[in-house]
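Student: I have a structure to look at for the first time, and I would like to understand how the words used for it are justified. Could we go through it together?

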Amino acid sequence: MAKTENGVRIFQGLLILGNVVIGMCGIALTAECIYFVSDPHGLYPLLEATENDDIYAAAWIGIFVGFALLALSILGIVGVIKSNRTLLLVYIILMLITFAFEMASCITAATHRDFLTPNLFLKQMLEKYQKPEAGNNNDKWMSEGVTKTWDKLMLQNQCCGVNGPSDWQEYTSAFRTTYSDADFPWPHNCCVLDSQGHPINLDGCKLGVHGFFKSNGCYAAISGPMNRQAWGVAWFGFAILCWTFFVLLGTMFYWSRIEY
Amino acid sequence: MGDLQQELKDLLAFVFFLGLVPAGLRHVWLLCCVSPFLLGTAVCSQKPQLGDAQLATNNPTLTTVSLEKPFCMFDSSLYPNRSYTIYLYVMKESASAMSSLVTDDSNKPLGSTFQQTSRGQLRPYNAAFFDVPDCAVPPRLADVRSFVHASYVLKQYLFRVGDDGTCLYDPNFLGVCNPPLAPDTTYRFKYVLVDNSEGMVKDQTLWSDPIKTRRAKLPMKIDTCVLVFLLLTGFLASVQSFSDTK
């Protein structure tokens, strides 16, 4: 009798420990997803303009899943301590639902990250940057977002274009319809600017003299944060799911062995 | 006088290349027509050249071409105490079949403008004129690094064809116009030395090699196919790891 009693106690202890870990991971997931949704790098308008901002949707789901995991872990701990069948049944069902949501979020984040190629941003930049008065309001909103984001990107990261300033020379663009090639081979934000925001040497910038224009591409500055977000949500989520899977199995086994 | 000297130079060059002069002296003779920016290379640059590609990396662009100014090209034709002007003529390569004359019968430079020659399609047009660059003191290209001197150096060293679009929009403008060139078109350029007092052409370079402006592709043609990108990155990653293990 004492032996099984000890065995049960150890099993309960393990389940409680499992739930504590789930609770803490839930808090961590919520915090991580809030960080991503707050868009510290200001790249959301670019995703919005691609009309495929699912990695943000995945982060939003992650926030609520995190809260749910915290609440359910507390419920699980209480249920295990009291060995209450009803509580544990509620716990199992709700945990399965949360599991499904989190799975969806992780898969979305992982697969939609592959959508974010350099060519996607190149095409978007050429078609929307400095686009003159567009058709409908939605179009105008997206173009303004893209323009503001690119201006900020070029200023903060000392870069130009997606692969480099040559993007502006190799392709026609909405920018080119308003600004002539002779005066603006590329936008003035691609020039090295002084403290007032004027190019330090406009002729040097137009001719492509090293030191007066920014020769790096901005793709690294865009894809870096986006990859971190997608991988952060996806892989942390998968890790939590793995752990939760074993705790759920253990809880189901424990539930089946409780006697009325 | 300039033409005769040029012919004499050509004849001597031909004789040298027959091997009647030792190789060292041959190199020295060819230096006479070397631009001061290409010291050491035996290139006879008696025609307009594109600006140094190391310096001006964005050249030619869609609608502009930056040429080196003619340093030391006309030195043999210059007399002291006389003032000269250099005229730059531009024509589309397709025009060379029809007419590539830049002077009239009395050896005066033709004043054809951009509009008159149908953008350089019918015959050469005069895009600009400027003072003869000083051969004795060519601009030091290293000074471009300095922000203070950069503008001065670039203006002294290069001339940008296609720089000024405003003269196209003024209907009353009848003067010399240097408007943007057409994209994806081959052009040729020529410098002509004109004596100011007589108004006569004293010397001229050869027509430059054909220089083509850039062509712009449509952004619609950009392939955003994810599969290709994935395969490419996967392939590159495997090659990288394979070379690392080796």
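Student: Why is A:Q158 called partly exposed?
Tutor: This is a predicted model, and in it A:Q158 has a relative accessibility of 43%. Buried would require under 20% and exposed over 50%, so with 43% A:Q158 counts as partly exposed. A:Q158 is placed in the loop between α6 and α7 of chain A, and its phi is positive, about 50 degrees, although the residue is not a glycine.

Student: What makes A:Q130 partly exposed?
Tutor: The relative accessible area of A:Q130 is 26%, and because the partly exposed class lies between under 20% and over 50%, the residue belongs to that class. A:Q130 is found in the loop between α5 and α6 (137-157) of chain A, and A:Q130 also has a positive phi, about 55 degrees, without being a glycine.

Student: How do you know that A:T30 is buried?
Tutor: A:T30 has a relative accessible area of 6%, and since buried means under 20%, the residue is therefore called buried. Its place is in helix α1 (residues 2-37) of chain A, and once its neighbours within four places in sequence are left aside, A:T30 is in contact with A:I63, A:G66 and A:F67.

Student: What makes the pair A:E5 and A:R9 a salt bridge?
Tutor: The N to O distance between their side chains is 3.7 Å, and a salt bridge asks for a side-chain nitrogen of Lys or Arg within 4 Å of a carboxyl oxygen of Asp or Glu, so this pair meets the rule. Both residues lie in helix α1 of chain A, four residues apart, which is about one turn of the helix. In an α-helix there are 3.6 residues a turn, so residues three or four places apart point the same way.

Student: Which of the words "exposed" and "partly exposed" belongs to A:E5, and which to A:R9?
Tutor: A:E5, at 39%, counts as partly exposed, whereas A:R9 has a relative accessible area of 52% and is exposed. The limit that matters here is 50%, because a residue has to be over that value to be called exposed.

Student: How do you know that A:D139 and A:K131 form a salt bridge?
Tutor: Their side chains meet with an N to O distance of 3.5 Å, and because the rule asks for a distance within 4 Å, the pair qualifies. A:K131 has a relative accessible area of 33% and is partly exposed.

Student: What makes B:E198 and B:K202 a salt bridge, and what network do they belong to?
Tutor: The closest N and O atoms of B:E198 and B:K202 are 3.1 Å apart, which is within the 4 Å limit, so the name applies. The network of salt bridges links B:R82, B:D195, B:E198 and B:K202. B:E198 is partly exposed at 34%, and B:K202 is partly exposed at 30%. Over all chains, the structure holds twelve salt bridges.

Student: How many salt bridges does the rule find across the interface of chain A and chain B?
Tutor: The rule finds one: the side chains of A:D203 and B:K155 meet at 3.1 Å, N to O. The elements giving two or more residues to the side of chain A that touches chain B are α5 (118-128), α7 (166-170) and α9 (202-207) of chain A, and α5(A) gives the most, with seven residues. In total, 33 residues of chain A are in contact with 35 residues of chain B, and the area buried between the two chains is about 2900 Å², of which carbon and sulfur atoms give 59%.

Student: Why are the buried residues of helix α3 of chain B said to be on the same side?
Tutor: In α3 (residues 150-157), the buried residues are B:A150, B:V153, B:L154 and B:Y157. They cover an arc of only 95 degrees around the axis, and therefore they are on the same side of α3(B). On the other side of α3(B), B:Y152 and B:K155 are exposed. The buried residues of α3(B) pack against α9 of chain A together with β1 (65-68) and β4 (158-161) of chain B.

How values were computed:
Residues are numbered from 1 along each chain as its sequence is written. Chains are lettered from A and ligands numbered from 1 in the order in which they are written. This is a predicted model: local features need pLDDT of at least 70, side-chain atom pairs count only at pLDDT 80 or more; totals for chains, interfaces and linings use all residues. Side-chain values use heavy atoms; hydrogens and water are left out. Contact means heavy atoms within 4.5 Å. Buried area is the accessible area (1.4 Å probe) that two parts lose on being put together, summed over both. Buried means under 20% relative accessible area, exposed over 50%, partly exposed in between (1.4 Å probe, protein chains only). The arc is that of the directions from the helix axis to the C-beta atoms.
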